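Thanks for coming. I will put the structure up and then go through what was computed from it.

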Amino acid sequence: MKPLHLRTLTAASVALALNGCAIVMPPAKPDATPALQWQAPLPHQGAVGSLAQWWHKQGDPLLVALIDAAQAVSPNMAQALARVESARARRTAANAALLPKLDAGVSANRDVSASRALSLPQVPVATIQSATLQASWELDLMGVNRAVSNAADAQFRGTQAQWHDARVSVAAEVATTYYGYATCTQLLGVARKDAASRLETSRLTELKATAGFVAPSDAALARASAADGSSRVTQQQAACDLDVKALVALTGLPEQDLRKKLAAAPIERAQAAPVSIASVPAQTLTQRPDVFAAERDVVVASAQVGSAKAQRYPRLTLSGSVGALRFSSMGREANLDTWSFGPLAVTLPLFDGGQRQANVRSAEAAYAQSVSVYRGKVRQAVREVEEALVNLQSTDARKQDAVVATAGYAQSLSATQARYSQGLASLMELEEARRNALTAESAQLSLGLERNRAWVSLYRALGGGF
């Protein structure tokens, strides 16, 4: 048997040898650098700003209340929160692997020999009481447990980002539906005004046809136009009702209460508040929860590669125990304290039929996949921001033209109606002027909705202040 100092030296040599075999893991942060600047025009000179108070800046308390209600009842957010709690528990378990394990045991028993079972009275009864503390620790010489702990923390932070992503998605969906309903009610007002005008024209034309001033065909055309206007009102009302149903489903509010709140809101809703963004994509992409979560997934995959590689190397564990034993029999007692240090055990894998090597290849393939997903998320994020910027620039450039067109067609309709009432214009001319005016006014309202949705898309593309 080797002397104690030689055994200690041997154990230390093994530990140093294992430490020199530290696992090399693939990069936890892959390169995915987008362009240095946006290729689409930036609103408001691209100043850096926060999105956190985006909805409050719009001055519409009802919209903020609807978003809060929707987030409170969203099943997607509830599922994301459950995943956060699960990841928190896994992180705690992974951190525990870095620390020694300590177990305590207490036992007591009364013992007799086999001869006492044969009714031999000279055999005494003995009472044995013991208490022990047992400790074990796997020495993380290769840093694998630390990597797994970091991966669990990254996974936890990734699930938190996914919760924020669900929150942002709910807010964007509610806002899009809310803006759609606001525009729908405005279009409904336009349709009702148009229908009333068509009905009045039909009434006047019927009187003229009865008096013989116009042909019966004109009266038939006027009746058809009035019916078409009434149909538009019915169709538009149904579209508005569908938006209300969608808001009810999103927020969980009773429909009657929601309709009262919507009716009390101003007809002219506040326009989407402008948002300031940075001119460098990297500064804005950090606000994307999905990009952040994908980056954390790369960290997890990197650690899993290291863990799979570690299974091919020796593992070093250290254990020890401390115990106290009390023996009593026939009025006599004896105490016996024990302790042990070791063994310092090394587990060396020899043959597994290629299973560990296959696990390494599988982990490396999963890592490559996570890197690919991350880079795809970055490219998609840049695309969504660019598209939102293009739509904002387009709607801003068309705004003034829409205003001029609406005003011009409205004046033309007014003049044509005056000429028609004096018999100087035909019904066909009046109907054409009415269609042009209706189309222009509807297009202006739709343009406002398109711009609001472009702002919401930009808010969503930038991560919603994550």
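**Glu384 and the rest of the chain**

I start with Glu384, which is partly exposed at 27% relative accessibility; buried means under 20% relative accessible area, exposed over 50%, and partly exposed in between, with a 1.4 Å probe and protein chains only. Before going further, this is a predicted model, where local features need pLDDT of at least 70, side-chain atom pairs count only at pLDDT 80 or more, and totals for chains, interfaces and linings use all residues. Residues are numbered from 1 along each chain as its sequence is written, and side-chain values use heavy atoms, with hydrogens and water left out.

Back to Glu384, which sits in helix α10. Helices here are DSSP runs of H or I with at least four residues, strands are runs of E with at least two, and both are numbered from the N terminus. Leaving out residues up to four places away in sequence, Glu384 touches Arg288 and Ala461, where contact means heavy atoms within 4.5 Å. Its C-alpha is 7.8 Å from that of Ser457, and 73 residues separate the two in sequence.

Now the chain as a whole. There are 11 helices and 4 strands. The chain has 466 residues, and 37% of them count as buried. Among contacts with a separation of 6 or more, 83% are between residues 24 or more positions apart. The accessible surface comes to about 26100 Å², with 57% of that belonging to carbon and sulfur atoms; these areas come from the Shrake-Rupley method with a 1.4 Å probe, and for residues only the protein chains shown count as cover.

Next, the cores. A nonpolar core is a set of buried Ala, Val, Leu, Ile, Met, Phe, Trp, Tyr and Cys residues joined through side-chain atoms within 4.5 Å. The largest one has 45 residues, and those with the most contacts inside it include Trp55, Val174, Tyr178 and Leu458. Elements giving two or more residues to this core include α2 (61-73), α3 (75-96), α10 (355-421) and α11 (427-461). Which helix gives the largest share? That is α5, with 14 residues. A second, separate core has 15 residues, among them Val291, Val298, Val360 and Tyr374.

Tyr374 comes up again with Glu295, in helix α9 (residues 289-310). Glu295 touches Ala28, Lys29 and Tyr374, again not counting residues up to four places away. Glu295 counts as buried, at 12% relative accessibility.

On to Thr159, which lies in helix α5 (residues 144-211). With a relative accessible area of 8%, Thr159 is buried. Its side chain reaches the backbone oxygen of Phe156 at 2.6 Å. Outside the four-place window, Thr159 touches Arg83, Val84 and Ala87.

Then the aromatic rings. Rings of Phe, Tyr and Trp (its six-membered ring) pair if their centres lie within 6.5 Å; planes under 30 degrees apart are stacked, over 60 edge-to-face, and the rest tilted. By this rule there are 2 aromatic pairs. One of them, Trp55 with Tyr459, is edge-to-face, at 4.9 Å centre to centre and 65° between the planes. Trp55 is in the loop between α1 (4-19) and α2, Tyr459 is in helix α11, and the two are 404 residues apart. Trp55 is buried at 8% relative accessibility, and Tyr459 is buried at 2%.

Last, helix α6 (residues 216-251). Its 36 residues reach 53 Å from first C-alpha to last, close to the 52 Å expected at 1.5 Å a residue; the expected span is 1.5 Å times one less than the number of residues. Just after α6, Gly252 takes a positive phi of about 75°.

Methods:
A polar contact is a pair of N or O atoms within 3.5 Å; within protein, one must be able to donate a hydrogen and the other to accept it, and residues adjacent in sequence count only if both atoms are side-chain atoms.
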